[in-house]
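Trainee: I'd like to learn how to read helix packing and pockets in a model. Can we go through one together?

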Amino acid sequence: MPSATLGRHLITVRLADVPTVTADQMRDVDRRMIEDFHIELVQMMENAGRNLADLAVALFDPLDAVVLAGPGGNGGGGIVAARHLANRGVRIAITRSHADDDLSPVTAHQVEIAQRMVIAVDDEPREASLVIDALVGYGLRGDPAGRTAALIRWANERSSPVLSLDIPSGLDATTGRIGDPCVRATATLTLALPKQGLVDTVQTGTLYVADISVPRDLYGEMRIDVPALFTEGAVVRLEP
């Protein structure tokens, strides 16, 4: 059952009525947010992670969850979600795909916060009633490799539902090419706008989109016609 908070506001919009973007367009959105509007990456990350935690509780109401976190912004958003879920009483563990030296500065900052909160950061993933996939975002090029690939395979072997952040790890955000390996998500919470590669693939599961506070003027400058998606809440279900 949906949580009372999110359930009151979660609406459904037809995917056909929402523009999709390529990975390059999303990079431009992120760049413009920082350079033109001074909305910093850590703010976007906080919005993404809080909305991911909201959706995790609304859809799955987990007793415990494991977050698989990559070294970049996607992983940072997953770690933010871990913080919010821990505050709501969910037993949380984080498993990272990369060591400290390979983390982006904002993601390393999120790891430090989680450690100060005494959230478990494990070398190997533990069994949980929900798996949160925050390994790779829209910046993927080619097939996942190494430990990232091993964690994707681990997630796919679980019977627990998998909730992916922005895009299932291993899926090309622009072309929809399914990498080897690629997460098979139960649901995906994409950010700002759906990526083109999420459409018409079973890897996505049920698709949702979350507000990360992109100014409407920014879309206007890019000549992307975006409807007012978030008038009733920060998360919207996209109906095929």
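Trainee: Which residues in α4 meet which residues in α5?

Mentor: Keep in mind that this is a predicted model. To read a helix contact, list the residues on each side that touch. From α4 you get G73, G75, G76, I79, V80 and R83, and they meet T107, Q110, V111, I113 and A114 in α5. Sorted by class, the contact of α4 with α5 holds five nonpolar, five polar and one charged residues.

Trainee: OK, and at what angle do the axes of α4 and α5 cross?

Mentor: Roughly 20°, and the axes come within 8 Å. Angles under 35 degrees count as roughly parallel, and that makes α4 roughly parallel to α5.

Trainee: Is that crossing left-handed or right-handed?

Mentor: For α4 and α5 the crossing is left-handed. Now try another pair with the same steps.

Trainee: Let's take α3 and α4, then. How far apart are their axes, and at what angle do they pack?

Mentor: The axes of α3 and α4 are 7 Å apart, and the angle is about 55°. That angle makes α3 oblique to α4. As for the hand, α3 and α4 cross in a right-handed way.

Trainee: Which residues meet there?

Mentor: On the α3 side you have M45, E46, G49, R50, L52, A53, A56 and V57. Their partners in α4 are G73, G76, G77, G78, V80, A81, R83, H84 and L85. Split by class, this contact of α3 with α4 has eight nonpolar, six polar and three charged residues.

Trainee: That leaves α3 with α5. How do those two pack?

Mentor: Helix α3 covers residues 41–60 and helix α5 covers residues 105–116; they pack at about 50°, with axes 10 Å apart. So α3 and α5 are oblique to each other, and α3 passes α5 in a right-handed crossing.

Trainee: And what touches what?

Mentor: L41, V42 and M45 in α3 meet V106, T107 and Q110 in α5. The residues of that contact divide into four nonpolar, two polar and no charged.

Trainee: Great, now pockets. What is the volume of the largest pocket?

Mentor: With a pocket, start from the volume, then ask who lines it. Here the largest pocket has about 420 Å³. It is lined by 23 residues, and the closest to its centre are D30, L41, G73, N74 and Y138.

Trainee: Which elements give two or more residues to that lining?

Mentor: Those are α2 (23–37), α3 and α4 (73–87). You've already met L41 in the contact of α3 with α5, and G73 in the contact of α4 with α5.

Trainee: What about the classes of the residues in that lining?

Mentor: The lining of the largest pocket splits into twelve nonpolar, six polar and five charged residues.

Trainee: And how much space lies in the second largest pocket?

Mentor: About 190 Å³. This second largest pocket has 13 lining residues, with L15, L198, G205, L207 and P240 closest to its centre. By class, its lining has six nonpolar, four polar and three charged residues.

Trainee: Which elements supply at least two residues of that lining?

Mentor: Strands this time: β8 (206–210) and β9 (235–239) each do. The largest share, three residues, comes from β9.

Technical notes: Residues numbered from 1 in each chain as written. Predicted model: local features only at pLDDT ≥ 70, side-chain atom pairs only at ≥ 80, totals over all residues. Heavy atoms only, no water. Axes fitted to C-alpha atoms, helices over the stretch in contact; angles between N-to-C directions. Helix = DSSP H or I, 4+ residues; strand = E, 2+ residues; numbered from the N terminus. Parallel < 35°, antiparallel > 145°, perpendicular 65-115°, else oblique. Left-handed = near helix turned anticlockwise from the far one by under 90°. Contact = heavy atoms within 4.5 Å. Nonpolar A, V, L, I, M, F, W, Y, C, P; charged D, E, K, R; others polar. 1 Å grid on protein atoms, 1.4 Å probe; cavity = no way out; pocket = protein on both sides within 12 Å on 5 of 7 lines; lining within 4 Å. Points joined across faces, edges and corners; volume = space filled by probe spheres on them.
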